[in-house]
Amino acid sequence: MPLRITLKPLERLIINGAAIRNGDRSCSFVVETQCRFLRESEIVYESEADTPCKQLCLTVQVIHLAEDTTETENLFYAQASAVLAYMPSSAPYLLEMQRAIEEKQTYAAIKAGKLLIMHEAEVLAERGASNAA
């Protein structure tokens, strides 16, 4: 089934590892074959991966875009264990991400990762508030 993608002006998109940037106007196109892609709003850039959960989500992106994921999946499990030790309340998010990866539903793992990043921000804010008090 074809997929119609509409890009905003200057929006980035990664399709099968190729980075694409739209011009100065909105455009839409149809993808007629299976491919792996990420929209700019879903991308965690390496320079932004400044927390354990963001680093984990960066790894999930690599799994999503890569053809051979064995080595990267091993890295994911090591990072997930570290995140769980650092923040035990992350367990439900990590389990959802693990399930999705095992079922080769990597886009669902990315979405769960976004929720994990939001949860991490809340936990860090609470820790910061309690340390300030």
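Okay, let's start right in the strands: β2, residues 12-15, is joined to β3 by 4 bridges, and the two run antiparallel. If you want one spot to look at there, find Leu13, which stands opposite Ile20 in β3. Before I go on, please keep in mind that this is a predicted model.

So how does that pair fit into its sheet? It's an open sheet of 3 strands, in the order β3-β2-β5, with antiparallel pairing. The edges are β3 (18-21) and β5 (37-39), each of which pairs on one side only. On average, neighbouring strands here are turned by 20° against each other, direction ignored. And as a general reminder, strands of a sheet pair through backbone hydrogen bonds, either parallel or antiparallel.

Which helix packs on this sheet? That's α1, residues 52-65, and the strands touched by α1 are β2 and β5. The direction of α1 makes about 140° with that of β5.

Let me zoom out for a second. The chain has 4 helices and 5 strands, and if you read along the sequence you get β-β-β-β-β-α-α-α-α. The C-alpha trace spans about 50 × 35 × 25 Å along its principal axes. There are 133 residues, and 36% of them count as buried. If you take the contacts with a separation of 6 or more, 53% of them come from residues 24 or more positions apart.

Now, a residue from the helical part: Ala112, which is found in helix α4, residues 106-132. Buried or exposed, what would you say for Ala112? Ala112 counts as buried because its relative accessibility is 7%, and the cut-off for buried is under 20%. And what is Ala112 in contact with, once we leave aside its neighbours within four places in sequence? Those partners are Tyr93, Glu96 and Met97. There's also Cys57, 55 residues apart from Ala112 along the chain, with 9.1 Å between the two C-alpha atoms.

Last stop, the largest pocket. Its volume is about 330 Å³. How many residues line the largest pocket? The lining has 15, and the ones nearest the centre are Leu3, Gln34, Cys35, Arg36 and Phe37. By type, the lining divides into 7 nonpolar, 5 polar and 3 charged residues. Helix α4 turns up again here: α4 gives the most to this lining, with 3 residues.

That's my tour, thanks for listening.

Methods
Residues numbered from 1 in each chain as written. Predicted model: local features only at pLDDT ≥ 70, side-chain atom pairs only at ≥ 80, totals over all residues. Heavy atoms only, no water. Buried < 20%, exposed > 50% of the residue type's maximum accessible area, 1.4 Å probe, protein only. Contact = heavy atoms within 4.5 Å. Pairing = 2+ DSSP bridges. Axes fitted to C-alpha atoms, helices over the stretch in contact; angles between N-to-C directions. 1 Å grid on protein atoms, 1.4 Å probe; cavity = no way out; pocket = protein on both sides within 12 Å on 5 of 7 lines; lining within 4 Å. Points joined across faces, edges and corners; volume = space filled by probe spheres on them. Nonpolar A, V, L, I, M, F, W, Y, C, P; charged D, E, K, R; others polar.
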